[in-house]
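I opened this notebook to look up where empty space is left in the model and where the backbone takes less common turns. My entries follow below the structure.

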Amino acid sequence: MNVPAPLERLITELSRLPGVGQKTAQRLAFAILRGDAPRAKSLASAIGEIKDRIRFCKRCFGYAEGEHCPVCADPRRDPSVICVVEQPNDIYVIERSAVFHGLYHVLLGVISPLDGIGPDQLKIAELTARLESEKVTELILATNPSMQGEATALHLSKVLEGKVESITRLARGLPVGANLEFTDDVTLNQAFTGRQRF
Amino acid sequence: MVIKEFSAIKFRNYQELFLPLSAGIYLITGDNGQGKTNLVEGFYFLCHLASFRTSRLEQLIAFGASQSFLQGVVNKNDTDWKARIEISRRGRRVWLDEEPVPKLSSYISRFHSLLFNPDNLYNYRNFPGERRSFYDRVLSFIDSDYLEALRSFKTINNQKNKLLKKEDLSSLPAWNRLFVEKGCVIIKKRREITADLNNRLPRILSNLTGKAQQLALEYHPSLTGDLETDSRTLENLIERERQAGHALQGPHRDEFLMTMPAGRGEAFFSQGESRVTLLAVLLALNEVLTERMGYRPAVILDDLYSELDSTVQENLTRHLHGLANQIFITTTHPPPVLKHQAVEILQIQDGRIV
Ligand SMILES: [Zn+2]
C-alpha cells in the first residue's frame, strides 16, 4: 500500500497483534490518525507503560503492579485452595465467572516437547514451595483441555501427590481443544462444581 | 448423498464444464488421457477437498491458469447444499451456501465418498499405513468420538516422539497415560468395525464371484486395548523407546490384513483377487455407512472393470444396480453386460462431454 512511512509503521505494528489482520490494522490506524492528538498520546503512553509497570506477582505469577497481585493481596480470599492455570489471563476468565474464591498459581506455560517446553520451564518448583510453606488443602488443576494441558495436569498430579490433601481436575464438559479463554461462565461454573479427584 | 450439479472451471483438462446429475449409475467412458479420471477426481474433491492422486494442488489447476473452481449442489438428507471451491497454489477456499467456510474440517466431515482406484488398490495392498488410514477415514466419518481420539492421539504421539529425544523424561508417564487412554478408544472402535465388516464380507464376496467364498479382515492391534495392561507394557518399554527415539508400540503400529481361508494372506492374492476383495470391503463399508448413519456415500469406481473376469463383471454390475447410491464408474471398455442395463453414459473427449 502506498501510505506515508509513519502510518505504514503503525499498520505493521498493529497487524502483529493476535486477531488483527491487515484490514483491521488499517482501520485502527486510520481511526487513531483521525482522532485528536491527546487520545493518541494517551494510547501510546498506555502501551509504553504496560511493560514497565506490570510484572508477575511474586506469589502466584499473575499480573501485578506491585509485589503482589490484587487476588493475593485480598485478605477475604481463601488461602487453602489454589487453582492452577496456564497463563495470567486465565485468572480473569475465572474471576469473571465469580465461582472461585481461593488463590491462583500460574504455570506460565504448559508442557509441550514440540515447543521445547518441559516441566523445568514452568513454575512447578514454585508451586511445590507454596504447598510446603502455605496451608493448602486443595489444588484445582485448571489447565486447558488440550492434550498439552491434560499432560501438564497429569504430570502435576503425579509429582505433587502426597504434598497436598486433595488434587482435583476441572470437570470435562469443556470441549477438547477449547481454551479457557473462550469458555462461557455457565460452562466454567459447571466445570468447577463438577471437578473430580485424580 | 447425491451430487445434483457439478461444474468445473480450469480444473485439470476441463476448461469449462457444467453437468446436471441425478441419482443412479453413471458410466464415464472414453479413450485414455481424455479426462475420465479427472472428472471423478473433481467429484471426489467436492466431497473431501483433497485429491486421491496428488497432494500438490497446483497439479489440479489447468495448464496456464492460476486458479481452478469447482462448484456443486450436493443433496444430503433431503437438503441441498451449494458448495463452491477455489483452488490455487496457495490453498483451498470454500463456500457453502455462499458463506465462507473458515474451518475446512467442518466441511470435510459433512460429505463422504467411497473410492476405488487402481493406485489406491496398489497402496492398500502394499502399505500397512495406507490400510490404517483407509479405515481411519471411514471411522472418523462415522464416529466423531473416533475422530477426536485419533486427532488427540496424533498430537500425543508427536509430543511423545519429540520428548523421547530429550534429556528430561520426567513428563513421559503423563504422556504415556494419555497415549494409552486415547489408544484404547481407537483400538476398541477398530475392533468393532472389523467385526462388523467380517459379518458382511463372505456374503458380498460370494455374491461378486458367484461361488461360496470366505474372506476375513484381520485386525492386529499393537497393544491390547486394556488400559492397565497397556500402561504396564509402555512402562516396561520406556528404556527401549528412549534408545529408539520414538514410540515403538501403539495404534500407529496396528495392522489390518485380509485373508482368504487356510491363512492365505493378501500377499498371495492374485491381481484379480486383490481387486475383488477390496471392492467387497468397499461395498461392505457402504452397508455400514447406510445402516449406522442412514448415509449413502457417492461411490467412485475408477477403472473398475479391468482385470476382472466376465462373471465378476456381471455380478458386480448387478450388485451395483441393487444399491441406492449415486455411482460413478470410469472405464475404457464398457463390458457387454452394461449394454442391457439402465446407466447414464458420459462419453469424454479432450476435457468435454460429447
Ligand atoms: Zn498473586
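The entries below cover a pocket, a cavity and two loop residues.

**Entry 1, conventions.** I am working with a predicted model, in which local features need pLDDT of at least 70 and side-chain atom pairs count only at pLDDT 80 or more, while totals for chains, interfaces and linings use all residues. Residues are numbered from 1 along each chain as its sequence is written, chains are lettered from A and ligands numbered from 1 in the order in which they are written, and side-chain values use heavy atoms, with hydrogens and water left out.

**Entry 2, the second largest pocket.** I looked up its volume and found about 340 Å³; a pocket here is an open set of points on a 1 Å grid over the protein atoms alone, with protein on both sides within 12 Å along at least five of seven lines, and a lining residue has an atom within 4 Å of a point. Volume is the space filled by probe spheres set on the points, which are joined across faces, edges and corners. The elements that give two or more residues to this lining are α1 (5-15) and α3 (37-53) of chain A, helices being DSSP runs of H or I with at least four residues and strands runs of E with at least two, numbered from the N terminus. α3(A) gives the most, with five residues. Among the lining residues I noted Leu10(A), Glu13(A), Lys41(A) and Ile47(A). By class the lining has eight nonpolar, no polar and three charged residues, where Ala, Val, Leu, Ile, Met, Phe, Trp, Tyr, Cys and Pro count as nonpolar, Asp, Glu, Lys and Arg as charged, and the others, Gly among them, as polar.

**Entry 3, the second largest cavity.** The structure holds two cavities of 30 Å³ or more, a cavity being a set of grid points where a 1.4 Å probe fits but cannot get out. The second largest has a volume of about 40 Å³, and its lining is made up of Leu114(B), Leu282(B), Leu283(B), Asn286(B), Val299(B), Leu301(B) and Leu323(B). The largest share, three residues, comes from α9(B), and I count six nonpolar, one polar and no charged residues in this lining.

**Entry 4, positive phi.** Which loop holds Arg12(B)? I found Arg12(B) between β1 (2-11) and β2 (14-20) of chain B, with phi near 50°, a positive value in a residue other than glycine. Asp78(B), in the loop between β4 (67-76) and β5 (79-88) of chain B, likewise has a positive phi, near 65°. Asp78(B) counts as exposed at 76% relative accessibility, exposed meaning over 50% relative accessible area with a 1.4 Å probe and protein chains only, buried under 20%, and partly exposed in between.
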